[in-house]
Amino acid sequence: MYKSFFSLILFLLSWQVQAQVLTGIGTVWSDDFSQWIIYTDEGQGELQTRWQGDFSEWDYYINDTHGVARLKWKNSPTEWEIKGDDGEIITARTRFPRDLREWRITNNTRSVNLSPVWNDMTEWKMQHSAYGTLHISTTWNNDIREWEIRDDTKDMTIHQKMSVVFLVVFHSSLPYHPK
């Protein structure tokens with residue numbers, strides 16, 4: 001009895017986290033890419049650098065969910081580790097050396113690929129036959145400060161979705177980060 005009750009509670013908690021739908025993300029300030037507002041079907045969250053002027057470590061907060069994205073190697077933007085507050089660990093690596101346009105994102109149970117639709121990197125898509133589609137594009141043509149998200153995913157946690165969104169906004173705005 002206790003075991004089945006505990007299983008039901010875990011199922012309901014995981015369903016609640018997975019039900020979150022991302023709808024957009026935009027910079028807080030028009031000339032600063034270190035703070036972002038995340039829009040969901042249930043409200044707003046935030047994505048920001050952990051340390052001022054250091055773009056190698058980020059925090060995100062959405063409702064009661066928190067996660068951290070860190071560069072695996074300080075001077076190489078080709079591998080990130082995203083840790084959720086629920087213990088989920090996600091690794092994002094470029095599919096090809098030094099090519100920041102194609103990514104493999106995995107939590108060791110499921111893997112998805114992310115790539116831009118066009119070469120200008122203003123429209124990205126994560127599409128998987130089992131997990132659905134996460135389509136991210138600039139709201140205004142070539143303006144990387146504001147993005148629309150079409151979240152048609154199923155069975156993806158908020159941390160997996162944020163891994164995809166984070167990679168898009170980080171690498172699309174990379175030329176504007178302070179050196």
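This passage describes salt bridges and the surroundings of Arg70 in a predicted model.

The structure holds 11 salt bridges, of which several are considered here in turn. Side chains of opposite charge can pair when their charged atoms come close. One such pair is formed by Glu57 and Arg50, whose side chains meet with an N to O distance of 3.0 Å. The two partners differ in their exposure to the surroundings: Glu57 has a relative accessible area of 14% and is therefore buried, being under the 20% limit that applies to this class, whereas Arg50, with a relative accessible area of 28%, is partly exposed.

Glu57 also takes part in a salt bridge with Arg70, in which N and O lie 2.9 Å apart. Arg70 belongs to strand 5, which covers residues 65-73, and Glu57 to strand 4, which covers residues 54-62, so that this pair ties together parts that are 13 residues apart in sequence. In the pairing with Glu57, Arg70 counts as partly exposed, at 29% relative accessibility, while Glu57 itself is buried. The side chains of Arg70 and Glu57 are likewise joined by a polar contact of 2.9 Å.

A further salt bridge is found between Arg95 and Glu102, with the closest N and O atoms 3.2 Å apart. Here both residues are partly exposed, Arg95 at 41% relative accessibility and Glu102 with a relative accessible area of 25%. Turning back to the residues described above, Arg50, Glu57 and Arg70 are joined, together with Asp59, into one network by salt bridges that share partners.

The setting of Arg70, which is placed in strand 5, can be described further through its contacts with residues elsewhere in the chain. When its neighbours within four places in sequence are left aside, Arg70 is in contact with Arg50, Ser56, Glu57, Glu79, Trp80, Glu81 and Lys83. Among these contacts are Arg50 and Glu57, both of which are also members of the salt-bridge network that includes Arg70. As to backbone positions, the C-alpha atoms of Arg70 and Phe55 are separated by 8.9 Å, the two residues being 15 residues apart along the chain. Arg70 thus combines a place in strand 5 with a relative accessible area of 29%, and it is classed as partly exposed because this value falls between the limits of 20% and 50%.

Key
Residues are numbered from 1 along each chain as its sequence is written. This is a predicted model: local features need pLDDT of at least 70, side-chain atom pairs count only at pLDDT 80 or more; totals for chains, interfaces and linings use all residues. Side-chain values use heavy atoms; hydrogens and water are left out. A salt bridge is a side-chain nitrogen of Lys or Arg within 4 Å of a carboxyl oxygen of Asp or Glu. Buried means under 20% relative accessible area, exposed over 50%, partly exposed in between (1.4 Å probe, protein chains only). Helices (H or I, at least four residues) and strands (E, at least two) are DSSP runs, numbered from the N terminus. Contact means heavy atoms within 4.5 Å. A polar contact is a pair of N or O atoms within 3.5 Å; within protein, one must be able to donate a hydrogen and the other to accept it, and residues adjacent in sequence count only if both atoms are side-chain atoms.
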